[in-house]
Structures are given as structure tokens and as C-alpha cells.
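Visitor: I've got a model on my screen and I'd like to learn how to read its side chains. Could you walk me through it?

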Amino acid sequence: MTTSTRGAHRTPAVLVLEDGRIFRGRAYGAVGATFGEAVFSTGMTGYQETLTDPSYHRQVVVMTAPHVGNTGINDEDMESRKIWVSGYVVRDPARVPSNWRSTRSLDQELAGQGVVGISGIDTRALTRHLRERGAMRVGIFSGNALPDEGTMLAEVRQAPEMSGADLSAEVATTEAYVVPAIGEKKFTVAAVDLGIKGMTPHRMAERGIEVHVLPATATVDDVYAVEPDGVFFSNGPGDPATADHPVSVMQGVLERGTPLFGICFGNQILGRALGFGTFKLKYGHRGINQPVQDRTTGKVEVTAHNHGFAVDAPLDQVSDTPYGRAEVSHVCLNDNVVEGLQLLDRPAFSVQYHPEAAAGPHDAAYLFDRFVNLMEGQRA
């Protein structure tokens, strides 16, 4: 990605999809050129958490909500050390942010971190296009990086695709660190960072868990060096079909029977570890308003999602795996995509969404309690 320091709101910008569709608008954030996979997020709020979610690495995010940036940016709601999206697409950006916690505007933050964006386009038409044609490669061009249409399209088509992309090590920590328990320490958890959000270890710390966050390259020996009561596999970007190393580590955890919890990318890793396949969704699930049913309780919850791949597992039968019986525990009510797995003979489960709820909703917070219950049961 090449960028200049800051884009003026009057600077022309062009968005080019790999199938040749073009949208014209104005630069928003940095001026320059950027490439990635075009995806849309249906959340009406929580844009700061979206931007700093490492799972969005190498993706250009289209916001379906028309007004973005109204609450500005603060220093408390970052989910990681930086903005990870490759580009940002909004319809009507706020001219002046209005929130008592705001310290700067969204466009200032995008420009400061070199994130190329575009505003003033018909994001409804773009979203409908992506729903019909599927997520695809895209480029945003502005300023001196704005060539002719043929050149732009050729550059977009030369950009790497998301299928086959191995990205988790690019966003994960390179050094292990510890998030201490809040209050009395009850358990120790080894969390394999595949693109973890900051709120996730905090949710565990709130429950008396000391969390040892380990790099994506951590081995089984590294995991057990912290003497964990449980092991957690985080969310993250990329194609789960490339994640052979995390799959191998998870299989080592399953063999030992240690309580295990995975979310998002971690759900796909569990699927592969159990012998299921994964596949790319047409346009994925992204936003904080996705309905999911917990089949173990019948409860329907509204959940936060960011995934373009899913597990290919039978919905209505128990499957035999090398680690005992497994079943689909959660399902998306929009399209019947697998949203969770659980083992019936070992203490392991996962969900495809983000129960840490940053930003919102809080319907799925009980899953951290379910993880605690597994560790309590193992200890007993």
C-alpha cells in the first residue's frame, strides 16, 4: 500500500472492483492507492473496534451505515496497536465529531496511520453488488496515485486474493505477554494469538483468569510451558486452509484433553483439527447484528461477526472424529452457516463469532463462563 500523509476532502478518489465496476467519490483519510478484499460491515456503530480488529488485515471495509465518524476516535476503544484494514469506504462522513470521549476525528486517525479511504459514494449500491457478485479484490486510488481506468483495473487484478492467504503470523504478537487476573487468580489460560483483540483477554481476566498470550508460532511445548488450566485460540485473518501449524498445535491440546475454547478463526481451526473442511463464503458475515442460535439451549443471540470462511460440518447429526463425538452447537439463522462446534467426549468447544463484544452486543458473554465451567470441571 502506498500513501501520502493526508487527503483533503475535495480530492477526487476512485474505487475499482476486480470485475470492472467503478465508483467515484472523494478521498477520506490518506491519499494514495491501496488494495485488498472488498467486504461490507453491517454494524451501525463500533467502527473504531472494527478498524483495529486484526481479523480485517488486507480487507477494504465498506460501511453499510450511511453516517460514519460521528463519535470520533478515542484512545480507550482500540482493540490492537493499530488500524488493520487496508482501506475504508463510507458514504457520509461526519464533518465534526461529537462525543465527550473523542480526542480526534476519524479521518485524522485514518490519515495519521496511512489508511487510504473514499467517501461520497453510493455504499448501498456497492453493498448490493458485493452481495450479488461476492467479495472480491478492490483498489482505492486518489491524488497522484489516480491513473487511467485500464491501469487501475489491471493493478487490482494483480493484487493477491484472500483464498490461500496465510496472514495470522503477520498480525499476531511476536513476544509472549501476560494479562493478569482481575481480583483473585483462579485459572491460567494459554491464548494462542492468531489476531487477538484486546478485549478478549480482558473478558477472561474479569473471571479470575491469568492469560498468557502466545505468538501464532507457539508450539505445543510453548503452550504447556505456562501450565495452563485451559487453552484458547483467537480470531484472526486469512484462509484457515493455510493454518496447518495452529491445527497441529490444537490437535496436541485435544490429545491431552485440556479444556479448549476457540473463537472465529479458532472455530475454523477446531473444525480442521476434527477433520472437517472449510470453505469461503460468498460475502461473509461482518457486523454486530448477526442472529445465531445456540442449539444447546435454544437461545437466539445477536452477535458480532467478522469472517469470510466457514466450517463444512453436518448440521443435524453427531460426527465421529479422532477425538470423540462432535456436533454443531451454533448456527446462523440467516443462512445456516456453522457458527459453533463442541466435542461431546472431551472439554472443547468453539464459536465462529466474537463473544468479547467489542463493540457490542453482549448476548454471547456467557461463553466465557462456559469456558470457566469446563476448567472447573476438569480441576474437580
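Guide: Let's take the aromatic rings, then charges over rings, then the nonpolar cores, and end with a buried glutamate. Keep in mind that this is a predicted model.

Visitor: How many aromatic pairs does the structure hold?

Guide: There are 6. To read a pair, look at the distance between ring centres and the angle between planes; under 30 degrees counts as stacked. F261 and F349 are stacked, with 4.5 Å from centre to centre and 15° between the planes.

Visitor: Which parts does that pair tie together?

Guide: F261 is in strand β15 (residues 260-263) and F349 is in strand β21 (residues 348-351), so the pair joins parts that are 88 residues apart in sequence. Both of these phenylalanines are buried.

F261 also pairs with F371, and that pair is tilted, at 5.5 Å centre to centre and 55° between the planes. Because F371 belongs to helix α10 (residues 366-379), this pair connects parts 110 residues apart in sequence.

Visitor: Are F261 and F371 buried or exposed?

Guide: F261 is buried, at 0% relative accessible area. F371 counts as buried too, at 0% relative accessibility. Zoom out a little and you'll find ring pairs linking F232, F261, F349, F368 and F371 into a cluster.

Visitor: What about charges over rings? Where does the charged end of R256 sit?

Guide: Here you check for a Lys or Arg charge over the face of a ring. The charged end of R256 sits over the ring of Y224, 4.0 Å from its centre. K280 lies over the face of F309, at 5.7 Å from the ring centre.

Visitor: And the nonpolar cores? Which residues have the most contacts inside the largest one?

Guide: Think of a core as buried nonpolar residues joined through their side chains. The largest has 35 residues, and V223, F233, M250, L254 and L274 have the most contacts inside it. Helix α8 (244-256) is among the elements giving it two or more residues, and α8 supplies the largest share, 5 residues.

Pick F233 and look around: beyond its neighbours within four places in sequence, its contacts include V249, M250, L260 and F261. Another core, of 24 residues, lies apart from the largest one, with V179, F187, I196 and M375 among its members.

Visitor: Last one: why does E37 count as buried?

Guide: Because its relative accessibility is 6%, and the cut-off for buried is under 20%. E37 is found in strand β4 (residues 32-41). Outside its neighbours within four places in sequence, E37 is in contact with residues including R58, R137, K280 and R286.

Methods:
Residues numbered from 1 in each chain as written. Predicted model: local features only at pLDDT ≥ 70, side-chain atom pairs only at ≥ 80, totals over all residues. Heavy atoms only, no water. Helix = DSSP H or I, 4+ residues; strand = E, 2+ residues; numbered from the N terminus. Buried < 20%, exposed > 50% of the residue type's maximum accessible area, 1.4 Å probe, protein only. Contact = heavy atoms within 4.5 Å. Phe/Tyr/Trp six-rings, centres within 6.5 Å; stacked < 30°, edge-to-face > 60°. Lys NZ or Arg CZ within 6 Å of the ring centre and 35° of its normal. Core = buried A, V, L, I, M, F, W, Y, C linked by side-chain atoms within 4.5 Å.
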